[in-house]
Amino acid sequence: MKQKIFWFVVGTFIAVIAFMASNHISYGQVTEDLAPQPVSNESVKIVSPLEGQQVPIGKELIASGESSDDISKDCTVSVIVNNIKPYHTASAAGASGPGDYSKWSFTLSSNYTDIIEGGNRITAKLSCPDSTKWYSVNAIGVRTGQESTNLSSNFAPSVLSAINETGTLTPQPEQKMSSTPPPSSAASSQPVASGENNKTMSVIFDILNNPVSRGSDQNITMTVVDAASNESIAGATITGKLLYPGDNYVKDFTGTTDSNGQFAYHWTIGKNGDAGELRIEAQVMASGYESQQAKSAFQITKD
């Protein structure tokens with residue numbers, strides 16, 4: 001009987017030791033899985049054109065910039081204009097020669113697309129093996145002879161994080177700019193009312209498809225931010241209209257920005273309408289801010 005009790009105690013002790021060892025291993029595995037991941041220090045920037053700079057329509061445009069790339073890295077820079085895909089690879093202009101995108105340039109010609117009158121969103125993308133970064137500016141297309149030396153003070157370039165390529169804005173909080181990020185396809189905004197104590201806001205368009213064929217779905221997102229601080233403005237009232245090609249149809253829409261300062265509008269392009277440019281016009285109002293008129297546009301194609 002004593003021998004049975006002895007072996008029972010020994011077995012129980014071994015089982016307890018094994019259980020504790022198992023728990024220790026599992027805890028160590030979980031702790032290792034939750035270890036913080038390294039933060040990417042990659043970056044890309046558009047140096048020219050400047051944000052809000054006027055550029056002539058119908059002419060080639062040379063965009064240039066810089067990035068964190070060097071000859072030891074396997075990174076490339078590509079550019080997209082007005083969200084017209086695909087991205088086009090820029091030319092490396094770094095001191096180390098081909099493959100060094102620390103300096104880069106891209107020539108926009110009619111073989112790809114043309115600068116349109118009004119806002120033109122130019123986005124540079126830095127693609128590295130373990131990181132992707134975006135940077136956008138909004139250049140204003142004007143007809144030859146109408147250029148002005150004045151640059152818009154209501155905008156600042158935007159740095160986008162590597163979350164997706166849908167056009168969703170993700171301005172980085174550490175970016176020290178004078179004003180607002182403009183990630184928009186053909187977007188512009190200007191104050192229409194003044195008040196001595198009122199602040200200024202900026203309105204940014206993000207157009208999902210440009211061009212878009214008749215009968216297809218379309219989505220526009222309007223982001224409203226404080227022009228000085230880049231902070232989102234929630235509760236801004238938007239009253240807008242869609243002016244179809246040929247000026248033979250107008251579609252009204254209204255909405256209010258959410259906690260992120262965004263308002264999204266989704267609809268389907270008619271199958272039998274005219275092809276051409278659809279213009280977007282919106283009046284934006286928010287408490288404590290000057291009223292803004294914002295305009296944008298995109299192209300409708302037959303197929």
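1. A quick definition to start: two residues are in contact when they have heavy atoms within 4.5 Å of each other. Keep that in mind as you read, and remember that this is a predicted model.

2. Let's try the definition on Lys-271. Which residues does Lys-271 touch, once its neighbours within four places in sequence are set aside? The answer is Arg-214 and Gly-215. Lys-271 and Arg-214 are 57 residues apart along the chain, yet their C-alpha atoms are separated by 4.8 Å.

3. Stay with Lys-271 for a moment. You'll find Lys-271 in the loop between β17 and β18. Is Lys-271 buried or exposed? Its relative accessibility is 66%, so Lys-271 counts as exposed, the cut-off being over 50%.

4. Now zoom out to the whole chain. The protein chain has one helix and 19 strands. Of its 303 residues, 41% are buried. Take the contacts with a separation of 6 or more: 66% of them join residues 24 or more positions apart. As for the outside, the accessible surface of the chain is about 16400 Å², and carbon and sulfur atoms account for 52% of that.

5. Next, have a look at the open sheet of four strands. Reading across, the order is β1-β3-β7-β6, and the pairing is antiparallel. Why do β1 and β6 each have one side without a neighbour in the sheet? β1 (44–48) and β6 (91–92) stand at the edges and each has a single partner strand, so one side of each stays free of a neighbour there.

6. The β6 end is worth a click or two. β6 pairs with β7 (residues 103–108) in the antiparallel sense, over two bridges. If you'd like a residue to find, go for Ser-91: its bridge partner in β7 is Ser-105.

7. On to the inside. The largest nonpolar core has 27 residues, and those touching the most other members are Met-222, Phe-253, Ile-280 and Phe-298. Which elements give two or more residues to this core? They are β12 (201–207), β14 (217–226), β15 (237–243), β17 (262–268), β18 (276–285) and β19 (292–301). Apart from this core lies another one, of 25 residues, including Val-55, Cys-75, Ile-84 and Phe-106.

8. Last stop: Met-222. With neighbours within four places in sequence left aside, Met-222 is in contact with Val-203, Ile-204, Phe-205, Ile-238, Phe-253, Gly-261, Gln-262, Phe-263, Ala-282 and Val-284. Try picking these out in the viewer, starting with Phe-253, which is also among the core residues that touch the most other members.

Technical notes. Residues numbered from 1 in each chain as written. Predicted model: local features only at pLDDT ≥ 70, side-chain atom pairs only at ≥ 80, totals over all residues. Heavy atoms only, no water. Pairing = 2+ DSSP bridges. Core = buried A, V, L, I, M, F, W, Y, C linked by side-chain atoms within 4.5 Å. Buried < 20%, exposed > 50% of the residue type's maximum accessible area, 1.4 Å probe, protein only. Areas by Shrake-Rupley, 256 points an atom, 1.4 Å probe, with all protein chains shown as cover.
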